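This briefing introduces a protein model to a reader who has not met it before. The sequence and structure are shown first, and notes grouped by topic follow.

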Amino acid sequence: MAILFISQSLDGEEWRRIVTPLLPDVDFRVWPDVGPTEEVEMVVAWNAPPGAFEGLINLKAIFWLGAGVDQLLRDPALPWRVPIVRLVDPSLTRQMTAYVLLGVLRHHRLAAAYEAQQRAARWASLPRPDPAHCRVGIMGLGALGTDAARKLLSLGFEVSGWSRTPKRLEGVKTHHGRERLKPFLGECDVVVCLLPLTPETRDILDAEAFAAMKKGAYLVNAARGEHVVEEDLLEGLESGQISGATLDVFGTEPLPPDHPFWRHPRVTVTPHTAADTLAHAVAPQVVENYRRMKRGEALPNLVDLDRGY
Ligand code: NDP
Ligand code: OXD
């Protein structure tokens, strides 16, 4: 029986090198060398081309090597009966939290202004902010949002959170449901998006949402580009309603060279790299899931297809 690794961007040979010694009796195949399709029991994938699951009639589980399954769920050839495990992993979480802290702290500690002053050899102290007077709002209190919220709290920031269902998180002012979105946005100095992309969350950061924020609020989006209506964000930046943004994800990736975000003085762009799936960190989890699947045991971190995440 076989595991099939499918990715247009990750290095399948690296995964083969790591997984094969841990599962020596399993045939680890790397797409597009699929071999006899009826032998494939588990697919391990990220950034799979549409249709890659076709013909896998004995597939029993999919391990998606990312936290967000939006791309996978768009594949019309996805075998819906097959359980999908998504990635929840400490190394992914640590990286994301570091990214969120970087975005928040660069804004909070006026990094861009000091960098400009250094270029001009200008010695001038700007107003010194206290984290206790800055409220950071996390949209999405899941695996990633919860960790970011806790670490921000430990630095002394005020933290609010917004989720679909009620959440209790010590020290965090929590809100849930669409009707609490505007009150949540309105109390935050910095808004961090860590939502999954679903029909409910697509375009959620639009002109109305920006208008609901405090004047001069700052945005960090490390979730999906489609959460943000980019023209509305550009207008918000233009009017000063939004003071700046750190953006890791975009409606079109790679971000086209002529996109205004690249050269916007108050936008920081990173190339969808907030948190990467590290093969050596994640492979043991893949192996454990394979063994569970073979023993007929329940798999963790299953995607709920009705919720879309
Ligand atoms: P989780 O599924 O653990 O958490 C999602 C959170 O979003 C939950 O709190 C959930 O609410 C909330 N949520 C979902 N839908 C809604 C809604 N309609 N209204 C309000 N809240 C909602 O996801 P993760 O934390 O693991 O990951 C979040 C996202 O981060 C991923 O989906 C992915 O898009 C992105 N990501 C980006 C990376 C990058 O490199 N840029 C890397 C990794 C992830 P509830 O708790 O009630 O279910
Ligand atoms: C993810 C991502 O969802 O890397 O894990 O974007």
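In this predicted model, helix α1 (residues 12–22) and helix α10 (residues 279–295) have axes that come within 10 Å and cross at roughly 50°. The two helices, α1 and α10, are therefore oblique to each other. The points below take up this helix pair, then a sheet of seven strands, the helices on that sheet, and finally phenylalanine 5 in strand β1.

**Helices α1 and α10**

- The crossing in which α1 passes α10 is right-handed.
- On the α1 side, the contact is made by Glu14, Trp15, Ile18, Val19 and Leu22.
- On the α10 side, the contributing residues are Ala279, His280, Val282, Ala283, Val286, Val287 and Arg291.
- By class, the residues in the contact of α1 with α10 comprise nine nonpolar, one polar and two charged.

**The seven-stranded sheet**

- Seven strands form an open sheet with parallel pairing, in the order β8-β7-β6-β9-β10-β11-β12.
- The edges are held by β8 (172–176) and β12 (267–269); each has a single partner strand, so one side of each is left without a neighbour in the sheet.
- On average, neighbouring strands of this sheet are turned by 15° against each other, direction ignored.
- Strand β6 (residues 135–139) and strand β7 (residues 158–163) run parallel and are joined by five bridges.
- Across this pairing, isoleucine 138 stands opposite glycine 161 in β7, and methionine 139 stands opposite tryptophan 162 in β7.
- Five of the six residues of β7 are buried, so β7 is largely enclosed by the rest of the structure.
- In a regular strand, side chains alternate between the two faces of the sheet.

**Helices on the sheet**

- Helix α3 (residues 90–108) lies across β6, β9 (190–193), β10 (217–221), β11 (242–247) and β12, and runs at about 160° to β10.
- Helix α5 (residues 143–154) also packs on the sheet, where α5 touches β6, β7 and β8.
- The direction of α5 makes about 170° with that of β6.

**The packing of α3 with α5**

- Two packed helices are described by the angle between their axes and the distance between the axes.
- For α3 and α5, the angle is about 50° and the axes are 9 Å apart.
- This angle makes α3 oblique to α5, and the crossing of α3 and α5 is right-handed.
- From α3, the residues Leu92, Thr93, Met96, Thr97, Val100, Leu101 and Val104 meet Ala143, Leu144, Asp147, Ala148, Lys151 and Leu152 of α5.
- The contact of α3 with α5 divides by class into nine nonpolar, two polar and two charged residues.

**Phenylalanine 5**

- Phenylalanine 5 lies in strand β1 (residues 2–7).
- Is phenylalanine 5 buried or exposed? Phenylalanine 5 has a relative accessible area of 1%, which is under the 20% limit, and is therefore buried.
- Leaving aside residues up to four places away in sequence, phenylalanine 5 touches Leu10, Asp11, Gly12, Trp15, Phe28, Arg29, Val30, Trp31, Val44 and Leu65.
- Phenylalanine 5 and histidine 259 are 254 residues apart along the chain, and their C-alpha atoms are separated by 34 Å.

Methods:
Residues numbered from 1 in each chain as written. Chains lettered and ligands numbered in written order. Predicted model: local features only at pLDDT ≥ 70, side-chain atom pairs only at ≥ 80, totals over all residues. Heavy atoms only, no water. Axes fitted to C-alpha atoms, helices over the stretch in contact; angles between N-to-C directions. Helix = DSSP H or I, 4+ residues; strand = E, 2+ residues; numbered from the N terminus. Parallel < 35°, antiparallel > 145°, perpendicular 65-115°, else oblique. Left-handed = near helix turned anticlockwise from the far one by under 90°. Contact = heavy atoms within 4.5 Å. Nonpolar A, V, L, I, M, F, W, Y, C, P; charged D, E, K, R; others polar. Pairing = 2+ DSSP bridges. Buried < 20%, exposed > 50% of the residue type's maximum accessible area, 1.4 Å probe, protein only.
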